[in-house]
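I set out to look up where side chains are packed away and where empty space is left, and I kept my notes in the order in which I checked things.

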Amino acid sequence: MGEGIVIAGVGEVADGGVLVVPKSTTHTEEDIAVFRVGDDYFALDDMCTHQEALLSRGWVEEGEVVCPLHLARFRLSDGMPTCFPATWPTPTHRVEVRDDVIVLFPGVPAEGAPVLER
Ligand code: FES
């Protein structure tokens, strides 16, 4: 696993908020949306797998992000869709809190999440 990218200080992302890290920084296919829920952080590709909608424009409910366009839901922990119309998971990325900073590992799946073809 690479060294990761420091994306923000702890406290710079509000509880319930999201930080979008551009693909020019992550060198991934899509921008990455990093969601904060309490003291936990979850990173997903910032693109719904149903059609073209930014998950960062959606909202989080009960550990899932709701797509703003047709209301598909994806589990934050592993990117799996939990309702139609999405049927394909969205890639996750590992996030760690080290000392006072949030470190993102683009392209490294979150622990327990499926490894997806990219
Ligand atoms: S684009 Fe996300 S549910 Fe349709």
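Is Ser56 buried or exposed, and why does it count as such? I began here, keeping in mind that the model is predicted. Ser56 has a relative accessibility of 15%, and because buried means under 20%, I entered Ser56 as buried. I found Ser56 in the loop between S4 and strand S5 (59-61). Leaving out residues up to four places away in sequence, I listed Val18, Val20, Ala33, Phe35 and Asp46 as the residues that Ser56 touches.

**Nonpolar cores**

Two of those contacts, Ala33 and Phe35, turned up again when I looked up the largest nonpolar core, which has 12 residues in all. Besides Ala33 and Phe35, I noted that this core takes in Leu44, Cys48, Ala53, Leu55, Val65, Cys67, Ala72, Phe74, Leu76 and Ala86. I then followed Cys67, which touches Cys48, Ala53, Leu55 and Ala72 when residues up to four places away in sequence are not counted. A second core, separate from this one, has 11 residues, and I noted Val21, Ile32, Val34 and Tyr41 among them.

**Cavity**

I next asked how many cavities of 30 Å³ or more the structure holds, and I found one. The volume of the largest cavity came out at about 30 Å³. Its lining consists of Cys48, His50, Gln51, Ala53, Cys67, Leu69, His70, Ala72 and Pro85, and I sorted these residues into six nonpolar, three polar and no charged. Among the lining residues are Cys48, Ala53, Cys67 and Ala72, which I had already entered as members of the largest nonpolar core.

**Second largest pocket**

For the second largest pocket I wrote down a volume of about 190 Å³. Strand S4 (40-45) and strand S9 (92-98) are the elements that give two or more residues to the lining of this pocket, and S9 supplies the largest share, four residues. The full lining is Tyr41, Phe42, Ala43, Leu76, Ser77, His93, Arg94, Val95, Glu96, Ala110 and Glu111, which I divided into six nonpolar, two polar and three charged. Leu76 in this lining is also listed in the largest nonpolar core, whereas Tyr41 in this lining belongs to the second core.

**Annotated span**

Last, I checked the UniProt record, an unreviewed entry, where the annotation "domain: Rieske" covers residues 5-104. For residues 5-104 I noted 4% helix and 44% strand, with the end C-alpha atoms lying 5 Å apart.

Definitions and conventions: Residues are numbered from 1 along each chain as its sequence is written. This is a predicted model: local features need pLDDT of at least 70, side-chain atom pairs count only at pLDDT 80 or more; totals for chains, interfaces and linings use all residues. Side-chain values use heavy atoms; hydrogens and water are left out. On a 1 Å grid over the protein atoms alone, a cavity is a set of points where a 1.4 Å probe fits but cannot get out, and a pocket is an open set with protein on both sides within 12 Å along at least five of seven lines; lining residues have an atom within 4 Å of a point. Grid points are joined across faces, edges and corners, and a volume is the space filled by probe spheres set on the points. Ala, Val, Leu, Ile, Met, Phe, Trp, Tyr, Cys and Pro count as nonpolar, Asp, Glu, Lys and Arg as charged, and the others, Gly among them, as polar. A nonpolar core is a set of buried Ala, Val, Leu, Ile, Met, Phe, Trp, Tyr and Cys residues joined through side-chain atoms within 4.5 Å. Buried means under 20% relative accessible area, exposed over 50%, partly exposed in between (1.4 Å probe, protein chains only). Contact means heavy atoms within 4.5 Å. UniProt positions are given in the numbering used here, feature names are shortened, and annotations may be inferred rather than shown by experiment.
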